[in-house]
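Let's take a look at salt bridges and where their partners sit. Have the sequence and the 3D view ready.

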Amino acid sequence: MPEKYVKLNAAQWLWLSQDEPNPHQQAVVARKRFTLDAVADATLAITADSWYRLRVNGEWVADGPCRSWPHRMRYDVLDIRTYLRPGPNEIEVTARFFGVGSFLRRTVTPGLIAELRLRDPAGQTTVIATDATWRIAEDQAGLREVPRAALQMESIEVVDARE
């Protein structure tokens, strides 16, 4: 998975509006539906504090993000062209905020940000970025009151499949 310092021009950080200052172990699901004709290139830059799982049209694409310092977040830059199709498409991201640091990362503020740059065969570019048009909700299946795997790691992930 390549990683780069990239400048996102249109994307905005997403998370739920809430009064909870440190939503320890909170997980959200963010979705964006869009329609496409032909696509020549499709590059998605994505990151989250603290973790994300990306699916495009129901297929798992990647987990992330790559390691970085909170003051200069790095983005995973992914070619997702093969996951897209003519007609309706959907990007779905499950993101989880650990709420505690680990030896792998230091959490700061819950958030998810992504920017998809599409180029059609004629060379026209379209940008689909995280903004207020994305649907976002708390992931009810992810349990929040779970132990840490170890002092050096984040909390374990426990999913209630009934949800």
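Which side chain does Arg-55 meet in a salt bridge at 3.6 Å, N to O? The partner is Glu-92. Keep in mind that this is a predicted model.

## Arg-55 and Glu-92

This pair connects distant parts of the chain: Arg-55 belongs to strand β4 (residues 51–56) and Glu-92 to strand β7 (residues 87–97), 37 residues apart. So how do the two compare in exposure? Arg-55 is partly exposed, at a relative accessible area of 26%. Glu-92 has 16%, and because buried means under 20%, it counts as buried.

## Asp-41 and Arg-119

Here's another salt bridge: Asp-41 pairs up with Arg-119, and their closest N and O atoms are 2.0 Å apart. Asp-41 sits in strand β3 (residues 41–49) and Arg-119 in strand β8 (residues 111–119), so the bridge ties together parts that are 78 residues apart in sequence.

Both ends are partly exposed: Asp-41 has a relative accessible area of 32%, and Arg-119 has 33%.

## Glu-115, Arg-117 and a network

Glu-115 forms a salt bridge with Arg-117, with 3.0 Å between the closest N and O atoms. Glu-115 is buried, at just 2% relative accessibility, whereas Arg-117 is partly exposed at 34%.

Some salt bridges share partners, and that joins Arg-31, Arg-33, Arg-55, Glu-90 and Glu-92 into one network. You've already met two of these residues, Arg-55 and Glu-92, as a pair. And how many salt bridges does the structure hold? The count is 7.

Methods:
Residues numbered from 1 in each chain as written. Predicted model: local features only at pLDDT ≥ 70, side-chain atom pairs only at ≥ 80, totals over all residues. Heavy atoms only, no water. Salt bridge = Lys/Arg side-chain N within 4 Å of Asp/Glu carboxyl O. Helix = DSSP H or I, 4+ residues; strand = E, 2+ residues; numbered from the N terminus. Buried < 20%, exposed > 50% of the residue type's maximum accessible area, 1.4 Å probe, protein only.
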